[in-house]
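Open your viewer and keep the sequence panel in sight. We will go from stop to stop, selecting as we go.

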Amino acid sequence: MKQQIATRLLLEALFGDSSPLYQQWYDAGLVDDSFDYGFEAQRTFNFATLGGDADDPTALIDALQQVIAQGVDQPELTPERFERLKHAALGKYAMSLNSMSSIANGISSQSFGAVNLFDYQRLLQNVSFEDVQTAARQLFDPEAVASLIIYPTDGEEA
């Protein structure tokens, strides 16, 4: 669970809508507000997804691959940015406890694991900047990247 939290903080630091990289890509027209990321972790595998609508999907793929190739050496990945994102994540967690459906979803999704929804705050507080750097080393493997472009059929909008 700690690795999952660190990986999600890594992805938010690099690709979240408050990141300098996202703003640069958005201003250049490389991405729009549909751009998003995700991380799935299971017992025997995990993966990240990155993408959205793009006028030039090949350029977006190239930009993403450049970030992945940098590995842990990301200009946007600083201890200060990490601390801000960690505090924001703690705030979001606290706000989620005001929602019965959020609590129910959290409990059910973690009901078969070693930790539960109420362990999340402690785990998040214990995630260090070094944990996020380790997550970058583990996740960013240029040899393990798969790209997919889905084009609209004739008559459909992208």
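K86 is buried: which side chain of opposite charge is nearest to K86, and how far away is it? Select K86 and E83 together. E83 is the nearest side chain of opposite charge, 4.6 Å away. K86 has no salt bridge, because a salt bridge needs the nitrogen and the carboxyl oxygen within 4 Å. Keep in mind that this is a predicted model.

**Stop 1: around K86**

Colour helix α4, residues 79-96; K86 sits in it. Now add V127 to the selection. The K86 side chain reaches the backbone oxygen of V127 at 2.8 Å. Then show L9, L124 and Q125 too. Together with V127, they are the contacts of K86 once neighbours within four places in sequence are set aside.

**Stop 2: the whole protein**

Zoom out and switch to a cartoon view. You should find seven helices and two strands. Trace them from the N terminus: the order is α-α-β-β-α-α-α-α-α. Next, colour by accessibility. Of the 158 residues in the protein, 32% are buried. Now think about contacts between residues with a separation of 6 or more. In 67% of them, the residues are 24 or more positions apart.

**Stop 3: the salt bridge**

How many salt bridges does a search of the whole structure find? The search finds one. Select D131 and K2 to see it: their side chains meet at 3.4 Å, N to O. This pair links distant parts of the chain, with D131 in helix α7 and K2 in helix α1, 129 residues apart. Side chains of opposite charge can pair when their charged atoms come close.

Are these two residues buried or partly exposed? D131 has a relative accessible area of 22%, so D131 counts as partly exposed. K2 is at 36%, so K2 is partly exposed as well.

**Stop 4: the aromatic rings**

Show the aromatic side chains as sticks. A search of the whole structure turns up seven aromatic pairs. One of them is Y22 with Y26: the pair is stacked, 5.9 Å centre to centre, with 25 degrees between the planes. Why does the pair count as stacked? Planes under 30 degrees apart count as stacked, and here the angle is 25 degrees, so the label fits.

Now colour helix α2, residues 20-27. Both Y22 and Y26 lie in it, four residues apart, about one turn of the helix. Y22 is buried because its relative accessibility is 7%, under the 20% cut-off. Y26 is partly exposed, with a relative accessible area of 41%.

Stay with Y26 and show V31, D32 and D33. Y26 touches these residues, not counting those up to four places away in sequence. Then widen the selection to F15, Y22, W25, Y26 and F35, which form one aromatic cluster.

**Stop 5: W25 and the core**

Centre the view on W25. Leaving out residues up to four places away in sequence, W25 touches F15, L30, V31, F35, L60, A63, L64 and V67.

W25 also belongs to the largest nonpolar core, which has 33 residues. L9, L10, F15, W25, F35 and V132 touch the most other members. Which helices each supply at least two residues of this core? Colour them one by one: α1 (2-15), α2, α3 (57-70), α4, α6 (120-126) and α7 (129-139). The largest share, eight residues, comes from α1.

Technical notes:
Residues are numbered from 1 along each chain as its sequence is written. This is a predicted model: local features need pLDDT of at least 70, side-chain atom pairs count only at pLDDT 80 or more; totals for chains, interfaces and linings use all residues. Side-chain values use heavy atoms; hydrogens and water are left out. Buried means under 20% relative accessible area, exposed over 50%, partly exposed in between (1.4 Å probe, protein chains only). Lys and Arg count as positive and Asp and Glu as negative; His and the chain ends are not counted. A polar contact is a pair of N or O atoms within 3.5 Å; within protein, one must be able to donate a hydrogen and the other to accept it, and residues adjacent in sequence count only if both atoms are side-chain atoms. Contact means heavy atoms within 4.5 Å. Rings of Phe, Tyr and Trp (its six-membered ring) pair if their centres lie within 6.5 Å; planes under 30 degrees apart count as stacked, over 60 as edge-to-face and the rest as tilted. A nonpolar core is a set of buried Ala, Val, Leu, Ile, Met, Phe, Trp, Tyr and Cys residues joined through side-chain atoms within 4.5 Å.
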